[in-house]
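Visitor: Could you take me on a close look at one part of this model, the first hairpin, and then follow its side chains into whatever they pack against? I'd like the whole story in one go.

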Amino acid sequence: MGRKKWFRILLCCECFLFFMLEISGCSGQAPYKQPSSFSSIASEPETAEFYQDEQLHFTFRIPPCWISESPLYTQETIFDESSKNGYTSFYYAHDPSVPLLRIFLESQKYSSDEFSVQFSSLCKDQNVFFLGENSGGYYYAVLPESCSLPIGKEADLYNSMALSENDVKRRFSIGS
């Protein structure tokens, strides 16, 4: 192949890439940075900060990227004493309507698809996966699949706090 042909191919690829980036920017929302499938937990400094949920009986090691001079997350637990079902939500502190992670305790075992259907109002466009079980029930996690913040510094910060499924599984432990 001649140099002219390679130049045309490269120019075409660059134009396509530019076009795709422009389309993703038109939505007015920041593209979501999908966390890498390789966990960075082993290389990150240990944090002494744990969230221990007494009602749902689990512990979650808070990622260092969620902590600065002040925590970059807030947390809320909803628990139904009669059914022993509930969930804990971790939200982005700068916009508490934007979830970072939800951990559910359910008395019934579901497949990920069944769980998404059952809890569609809380799990729309989200990644649902099984965490584990104990005598009290079954644990599921829900991670957002997209960033709902406008493009800018807030979306960049939120995206830097994104966790992968493997990160959540390694940070999660079931209590007694």
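Guide: Let's start with strand β1, residues 50–53, where the side chains alternate. Tyr 51 and Asp 53 point to one face and are buried, while Phe 50 and Gln 52 point to the other and are not. Keep in mind that this is a predicted model.

The partner of β1 is strand β2, residues 58–61, and the two run antiparallel, paired over four bridges. If you want a spot to fix your eye on, Gln 52 stands opposite Thr 59 in β2. Together the two strands make a hairpin with four residues between them. Look in the turn for His 57, which has a positive phi of about 60 degrees.

Now back to the buried face. Tyr 51 forms an aromatic pair with Phe 58, with 6.0 Å from centre to centre and 55 degrees between the planes, a tilted arrangement. Tyr 51 has a relative accessible area of 13%, so it counts as buried. Phe 58 is buried as well, at 1%. Further along β2 comes Phe 60, whose ring centre is 5.4 Å from that of Phe 90; their planes are at 40 degrees, so this pair is tilted too. That contact links distant parts of the chain, since Phe 60 is in strand β2 and Phe 90 is in strand β4, 30 residues apart. Phe 60 has a relative accessible area of 0%, and the value for Phe 90 is 0%.

These rings belong to something bigger than two pairs. Tyr 51, Phe 58, Phe 60 and Phe 90 sit in one aromatic cluster together with Trp 66, Tyr 73, Tyr 139 and Phe 172.

Phe 60 also takes you into the largest nonpolar core, which has 28 residues. Phe 60, Trp 66, Phe 90, Leu 101, Ile 103 and Val 168 are the members that touch the most others. At least two core residues come from each of β2, β4 (85–92), β5 (99–106), β6 (126–134), β7 (137–144) and α4 (153–160). The largest share, four residues, is supplied by β5. As a rule of thumb, nonpolar side chains in soluble globular proteins tend to be buried together.

Val 168 is a good place to see how the hairpin meets the rest. Leaving out residues up to four places away in sequence, Val 168 touches Phe 60, Leu 101, Phe 129, Leu 131, Ala 141, Leu 143 and Leu 163. Apart from this core lies another, of eight residues, including Tyr 87, Phe 104, Tyr 140 and Val 142.

While you're at Val 168, have a look at helix α5, residues 165–171. Glu 165 and Lys 169 form a salt bridge there, with their closest N and O atoms 2.9 Å apart. The two are four residues apart in the helix, so about one helical turn separates them. Glu 165 is partly exposed, at 28% relative accessible area, and Lys 169 is partly exposed at 37%.

The structure holds two salt bridges. In the other, the side chains of Glu 81 and Lys 84 meet at 2.3 Å, N to O. Glu 81 is partly exposed at 49%, and Lys 84 is partly exposed at 40%. One last charged side chain to find is Lys 109, which lies over the face of Phe 130, at 4.7 Å from the ring centre.

Technical notes
Residues numbered from 1 in each chain as written. Predicted model: local features only at pLDDT ≥ 70, side-chain atom pairs only at ≥ 80, totals over all residues. Heavy atoms only, no water. Buried < 20%, exposed > 50% of the residue type's maximum accessible area, 1.4 Å probe, protein only. Pairing = 2+ DSSP bridges. Core = buried A, V, L, I, M, F, W, Y, C linked by side-chain atoms within 4.5 Å. Contact = heavy atoms within 4.5 Å. Phe/Tyr/Trp six-rings, centres within 6.5 Å; stacked < 30°, edge-to-face > 60°. Lys NZ or Arg CZ within 6 Å of the ring centre and 35° of its normal. Salt bridge = Lys/Arg side-chain N within 4 Å of Asp/Glu carboxyl O.
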